[in-house]
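These are my notebook entries on one structure. I looked up how its strands pair and which charged side chains meet.

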Amino acid sequence: MISNEPLADESVCRLPKVELHVHLEGSVQPETMRELSRMRGRVGRDVDKWIRQQQQRGYHYASFMEFVEAFKFVAVLLERPQDYGVAAARLMEWLAAQNVKYAEVTLSAGVVLWKRQPLDAVYEAVREASLEAEARLGLRVNWIFDAVRQFGAEHARQVVRWAGRYNSQGVVAFGLGGDEERGPAELFRDVYREARDLGLHCVAHAGETAGPESVRQAVELLGAERIGHGLAAARSPKLSALLRDRQIPLEACPTSNVAMGLVPRFEDYPLHVFLEAGVLLTLNSDDPALFGSSIEREFLQAARSFGLSWQQVVQLCENAVRAAFLPAEEKQSLLAGIREAAAI
Ligand SMILES: [Zn+2]
């Protein structure tokens, strides 16, 4: 393909994708919310009102806490383990329709515990949906259990222990999300050590709402192997160099950053800063239902907004395979699929 020719959307869509940063709760689309209301025999007036408010909001949040409230509304709607199962099944269909071949989906296990729901039954329900997707849709899925920074270290430790219990059954990593200011990295050093001892991979949201120091701490204090967002690292060449040297990938979610007001417009996302610094960048949707994002749209919009070459688009697909928590042979097979589709 000639590199200076504008990329056709269908070429970008044809490439097999890997999604590494998508939250189950943030993926619940309005129609699934209505479906869940109906399943419980409810009128769902509060759901309709909330959906209308979200539409008026136009996927923009005035503050991080405003977004947290929206996330909480959806999470509270997932009352029973089978609700989580339905949400997971819908997410799998949505990902498969976008040619996603492998996904690491984040379950806010910390929020499940906060709601005092049985995490074992919730995980069984979502795991069943992902195994079914693997058999029927050819989409392979692993899970990341996420704790909430502002709930503190003891809460995070509970999440780690649960994740460890399911390490051989599809939970590949422990992660940390939430408010970086109210839950700084130093609180979680021991928790991450315990996660590693249990054989879990470690990730962390960092440098989203806080500065570069939060990313550095996630790497140096927590030993995070991948950083969710890491947006603030673009402001620090030294930190970008550290990420490059240690081959710590960033899970970039540009539409999410725009929705949260962290970046004015999609084209202001510092994608080229990271690429020029040699950082292993991946593209992801984060909370597709709350941000109006999808992995396919992230790729299409990135190709357009940043004038990416075909090689750069293919490279972004391959980066996600390299950053995935998968055995080498599965990565090879995914890379072969991308190369085959790229050569057509
Ligand atoms: Zn996230």
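Entry 1, an arginine and its partner. I began with R140, which is partly exposed at a relative accessible area of 23%. I noted that the model is a predicted one. I found that R140 forms a salt bridge with E330, their closest N and O atoms being 2.6 Å apart. This pair links distant parts of the chain, since R140 lies in strand β3 and E330 in helix α17, 190 residues apart. I recorded E330 as partly exposed too, with a relative accessible area of 25%.

Entry 2, strand β4. I next asked how many residues of strand β4 are buried. Seven of its seven residues are buried. I saw that β3 and β4 pair in the parallel sense over six bridges, and that A173 in β4 is the bridge partner of I144. Between these strands the chain passes through helix α8, in a right-handed β-α-β crossover.

Entry 3, the other neighbour. I found two bridges joining β4 to strand β5, which run parallel. Here the bridge partner of A173 is H201. The chain crosses from β4 to β5 through helix α9, and this crossover is right-handed as well.

Entry 4, further salt bridges. In helix α9, I located a salt bridge between R193 and D190 at 2.9 Å, N to O. Because R193 and D190 are three residues apart in this helix, about one helical turn separates them. I also recorded a network in which salt bridges with shared partners join E35, R90, E93, E132 and R136. My search of the whole structure gave 24 salt bridges.

Terms used: Residues are numbered from 1 along each chain as its sequence is written. This is a predicted model: local features need pLDDT of at least 70, side-chain atom pairs count only at pLDDT 80 or more; totals for chains, interfaces and linings use all residues. Side-chain values use heavy atoms; hydrogens and water are left out. Buried means under 20% relative accessible area, exposed over 50%, partly exposed in between (1.4 Å probe, protein chains only). Helices (H or I, at least four residues) and strands (E, at least two) are DSSP runs, numbered from the N terminus. Two strands pair if DSSP finds at least two bridges between them. A crossover is right-handed if, with the strands pointing away from the viewer, the path from the first strand over the helix to the second runs clockwise. A salt bridge is a side-chain nitrogen of Lys or Arg within 4 Å of a carboxyl oxygen of Asp or Glu.
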